[in-house]
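The following note sets out some points for a colleague who is beginning to read protein structures. Please keep the sequence and the model in view while reading.

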Protein chains: 2
Amino acid sequence: MSEKVSIAVDALGGDAGASVVLPGVAAALEEDADLEVLLCGPADVVEPFAQSHDRCVAVPCTEEIAMGEHPATAVRKKKDSSIVVGCRQVKEGRAQGFFSAGSTGACLAAGTLVIGRLKGVARPALCTIIPSPVKPVVMCDVGANADCKPEYLVQFAKMATIYVENVMERENPTCALLNIGSEEAKGSQFAQDCHELLKQQVPNFVGNGEGNDVAMGAYDVFVTDGFTGNVCIKTIEGTSKALFGAIKGVFKRNALTLLAAAILKKGLTEVKDGISADTYGGAPLLGIKGACIVGHGSSSETAIKNGIHMAAKTVRLHVSDLIAQTIAPANAHE
Amino acid sequence: MSEKVSIAVDALGGDAGASVVLPGVAAALEEDADLEVLLCGPADVVEPFAQSHDRCVAVPCTEEIAMGEHPATAVRKKKDSSIVVGCRQVKEGRAQGFFSAGSTGACLAAGTLVIGRLKGVARPALCTIIPSPVKPVVMCDVGANADCKPEYLVQFAKMATIYVENVMERENPTCALLNIGSEEAKGSQFAQDCHELLKQQVPNFVGNGEGNDVAMGAYDVFVTDGFTGNVCIKTIEGTSKALFGAIKGVFKRNALTLLAAAILKKGLTEVKDGISADTYGGAPLLGIKGACIVGHGSSSETAIKNGIHMAAKTVRLHVSDLIAQTIAPANAHE
């Protein structure tokens, strides 16, 4: 039996909204008997679902943050939105973690403003698992902080390392700076300053990694600013999509290629699933007082389920406490 | 008959050196009867080759710039290296273009320092054709300038647009800023400043593009700083490599999958060739007084041949003059 955990879930998140989130919640509850879900959303959506599912509590709210809204403004104004209400469950101790497949920006803003930063953490950061076919790696930051200072990247490196060691259960993870050359003096002035600081302050820092190292799984942790990281993960996504599209075109050429495709279908589906964002279900916002997992807008039921499981795992492994212990003492000596 | 063109070629460039460059040169000479090659490299390599090939002139030199050397320092010190000597052929009018598959950094430095910037161009930039399976697009800058000012990106956008219109023969190309969100106010402060300036000064600017838009061929030109651009193109490279590796693993599972793979081989090879860097042979350094095409370190014979053809085409289409006419008057009014 695992530790009992309460996770607040945004019923409205994702492009498909409740129609995908609710089956995902149901599956997560079924697979984890020690999980409780606080389902945040309109009363007519969350109440009937909670009544018909064990360990699900309805948390009705009246507002919704749309995908296009300015994140920080929306979070400040829409106090009764599913994202803000969900984060408030964590802030006020009714839940230990929050999951949403809604607006990434709003989740980051609410995670930081409502749940709150850990002491000593300069900037919470979005960390994502990149499901490379070679070896999954994590990248941090991938979009919470478009503008960074070198000292932020030191914290990103430490936080992501803790995540990889614990949630991904990987021993002695290596950490590389995403840069444009392997030599120390390569890159922008910012990248060079980061390299210098990472070398001094991050024990598992091994040097620069490049764009081609990411999908090849060359290092366990890639640390970068949120701008470069976001471009990188979306580039991987687009490249995979374009390639699979082209391969599908080859399959459709004639009856023989269709037959060959049928033979390979199982294996290729495994490759495709292996690199799918659904496998992990979401990206953790690290550096806040609790767990906050942000799912992809196009999340499937499986992705929602896995995202909720990831939130529960992040809570059970006390990732937030481990980060606090690592970051706070480091800052105390400064 | 096309215009007669002389291209200086670095005989030592590329991971495999002369053993790949020389057959590439031979093939280029064979395919283009109006091409002359000034082959720069050690006398014992270039002289016998020039003697046995029409329209090839040996330009013996005694030094070589290795891949790991500091580019600007190497270019300043090694005045008799194949890269510097090759660029000097252009500077002194004996050739109109230069091709090398050697150190990218050294080619950029020599292109800028030896051949020289066009009047009004703040920073020459490396522009690459990204061979997306959907539609090839160009990105500029991809590594010449890791640190940029917003006004540089305005010039990158204009130069890359000229390249796409002329060399790629694409009408009304669209230009997008590589950013982390489609809305105008998205991205780092730098990206927001760039957006503002591009909107004002670049007629074919259509707004922000994201990482996933690149391989999907959503816009014709992606403009970015050299750091982000370099991460992006290397990420595409690594993702393609990782995916094809995983697919190869599926093929090898059993006798039936091997048979299916044999049926699909032709089509998949076409997809693979379509996204291969070899198809275009190199990336042009735009904004200098002549053509300078930088090939990939792992260039094949075909890549070398295509890189030389690209240099000849860039010269014949007067890309450099067109850039000078576009950039210089714009600056004259400032």
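Is B:K186 buried, exposed or partly exposed? B:K186 is partly exposed, with a relative accessible area of 33%. The points below concern a predicted model, and they proceed from salt bridges to the contact between the chains and then to local features.

1. The side chain of B:K186 forms a salt bridge with that of B:E183, with 3.6 Å from N to O. B:E183 is also partly exposed, because its relative accessibility is 33% and this class lies between the limits of 20% and 50%. In general, side chains of opposite charge can pair when their charged atoms come close. Over all chains, the count comes to 26 salt bridges.

2. Another salt bridge in chain B pairs the side chains of B:K313 and B:E169, at 3.1 Å from N to O. This pair links distant parts of the chain, 144 residues apart: B:K313 belongs to helix α11, whereas B:E169 is in the loop between α6 and β7. B:K313 is partly exposed, at 31% relative accessibility, and B:E169 is exposed, at 58%.

3. Salt bridges also cross between the chains, where their count is 4. One of them brings together the side chains of A:R253 and B:E270, at 2.9 Å from N to O. A:R253 lies in the loop between α9 and α10 of chain A and B:E270 in helix α10 of chain B, so this pair joins two chains. A:R253 is partly exposed, with a relative accessibility of 44%; B:E270 is partly exposed as well, with 37%. The side chains of B:R253 and A:E270 likewise meet in a salt bridge, at 2.9 Å from N to O.

4. The contact as a whole involves 50 residues from chain B and 49 residues from chain A. Together the two chains bury about 4300 Å², of which 77% is on carbon and sulfur atoms. On the side of chain B, the residues that lose the most area to chain A are B:I180, B:F227 and B:L243, which together make up 15% of what that side buries.

5. Polar contacts are present between the chains too: 10 residue pairs are counted between chain B and chain A. The elements of chain B that give two or more residues to the side touching chain A are α7, α8, α9 and α10. The largest share, 20 residues, comes from α9(B). By type, the residues on this side of chain B divide into 27 nonpolar, 15 polar and 8 charged.

6. B:E210 deserves separate attention. This residue lies in the loop between β8 and α8 of chain B, and its side chain makes a polar contact of 2.4 Å with the side chain of A:K234. B:E210 is buried, because its relative accessible area is 15%, under the limit of 20%. Apart from residues up to four places away in sequence, B:E210 touches several residues, among them B:I180, B:S182 and B:F222.

7. Helix α9 of chain A allows a check of length. Its 26 residues, at 1.5 Å a residue, should span 38 Å, and the end C-alpha atoms are 38 Å apart, which agrees. The helix is mostly covered, with 20 of its 26 residues buried. A:D225 caps its N-terminal end: a side-chain oxygen lies 3.0 Å from the backbone nitrogen of A:F227.

8. B:N145 is located in the loop between β6 and α6 of chain B and is buried, at a relative accessible area of 8%. A polar atom of its side chain lies 3.0 Å from the backbone oxygen of B:P124. Beyond four places in sequence, the contacts of B:N145 include B:R123, B:F156 and B:F227.

9. Which backbone features should be examined with care? Most residues other than glycine have a negative phi, and most peptide bonds are trans. The bond from A:C140 to A:D141 is cis, with omega about 5°, and so is the bond from B:C140 to B:D141, with omega near 5°. B:N172 has a positive phi near 45° and is exposed, at 67% relative accessible area. B:H318, which is not a glycine, has a positive phi of about 55°; B:H318 lies in the loop between α11 and α12 of chain B and is partly exposed, at 38%.

Key. Residues numbered from 1 in each chain as written. Chains lettered and ligands numbered in written order. Predicted model: local features only at pLDDT ≥ 70, side-chain atom pairs only at ≥ 80, totals over all residues. Heavy atoms only, no water. Contact = heavy atoms within 4.5 Å. Buried area = accessible area lost by both parts, 1.4 Å probe. Polar contact = N/O pair within 3.5 Å; in protein donor to acceptor, adjacent residues only side chain to side chain. Helix = DSSP H or I, 4+ residues; strand = E, 2+ residues; numbered from the N terminus. Nonpolar A, V, L, I, M, F, W, Y, C, P; charged D, E, K, R; others polar. Expected span 1.5 Å × (residues − 1). Buried < 20%, exposed > 50% of the residue type's maximum accessible area, 1.4 Å probe, protein only.
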